[in-house]
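Student: Could you take me through the metal site in this model, and then place that site in the rest of the chain?

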Amino acid sequence: MNLEETLRDHHLKVTKGRLQVLKLMEEAEGPMKADEVYDSIPRSICSSLSTVYRILNQLSEKGILKSTMYQNGIMYYSYNNGQHRHYIVCSECGRVAALENCPMDAIDNYIRKDTGFDITGHVFELTGICPNCKHK
Ligand SMILES: [Zn+2]
Ligand SMILES: [Zn+2]
């Protein structure tokens, strides 16, 4: 399904701004902050940060994007491809990197045995200092 269809499927009008944001998020390696999204979009397509916020919120409401508030109080947006991913956030610059694997699987098993619960979800967030900030 292309991005235009994705928008129409969610009853959103196809606009240049929405398409551009969606394309960017689909290609992004990890979650992005609204100001990063704004900086990556030509001013001719999206002229203000508030427009970017509005688009990000619309796409999140429809479930096309995932929005997550991290411990640093900043909202991050990512393309919702149904994948289960965990991220580490730099506490200095806010950069985000994805973890290759879910480190919780083994713990889930242990907790299932211990509590008898079937675990249906978890949130796991790491905070650290990224290589760039470490060398400053
Ligand atoms: Zn950093
Ligand atoms: Zn996980």
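Tutor: Gladly! The zinc ion (ligand 1) has four protein donors, C90 (SG), C93 (SG), C130 (SG) and C133 (SG), at 2.2 to 2.3 Å; donors are N, O and S atoms within 2.8 Å of the metal (3.2 Å for Na, K and Ca), and sites may look incomplete since water is not among the atoms. This is a predicted model, where local features need pLDDT of at least 70 and side-chain atom pairs pLDDT 80 or more, while totals for chains, interfaces and linings use all residues. Residues are numbered from 1 along each chain as written, chains are lettered from A and ligands numbered from 1 in the order written, and side-chain values use heavy atoms, without hydrogens and water.

Why call the site tetrahedral? The four donor atoms subtend angles of 108 to 111° around the zinc ion (ligand 1), which makes the arrangement tetrahedral (four donors with all angles between 85 and 135 degrees). Ideal angles for four tetrahedral donors are 109.5 degrees.

Along the chain, the zinc donors follow the spacing C-x2-C-x36-C-x2-C. The pair C90 and C130 links distant parts of the chain, 40 residues apart: C90 belongs to strand β4 (residues 87-90), and C130 to the loop between β6 (125-128) and α6 (131-134). Helices (H or I, at least four residues) and strands (E, at least two) are DSSP runs, numbered from the N terminus.

Now for the wider setting. The chain has six helices and six strands, in the order α-α-β-α-α-β-β-β-β-α-β-α from the N terminus. Its C-alpha trace spans about 55 × 45 × 20 Å along the principal axes.

Conventions: Four donors count as tetrahedral if all angles lie between 85 and 135 degrees; four count as square planar and six as octahedral if opposite donors are over 155 degrees apart and all others between 65 and 115; anything else is irregular.
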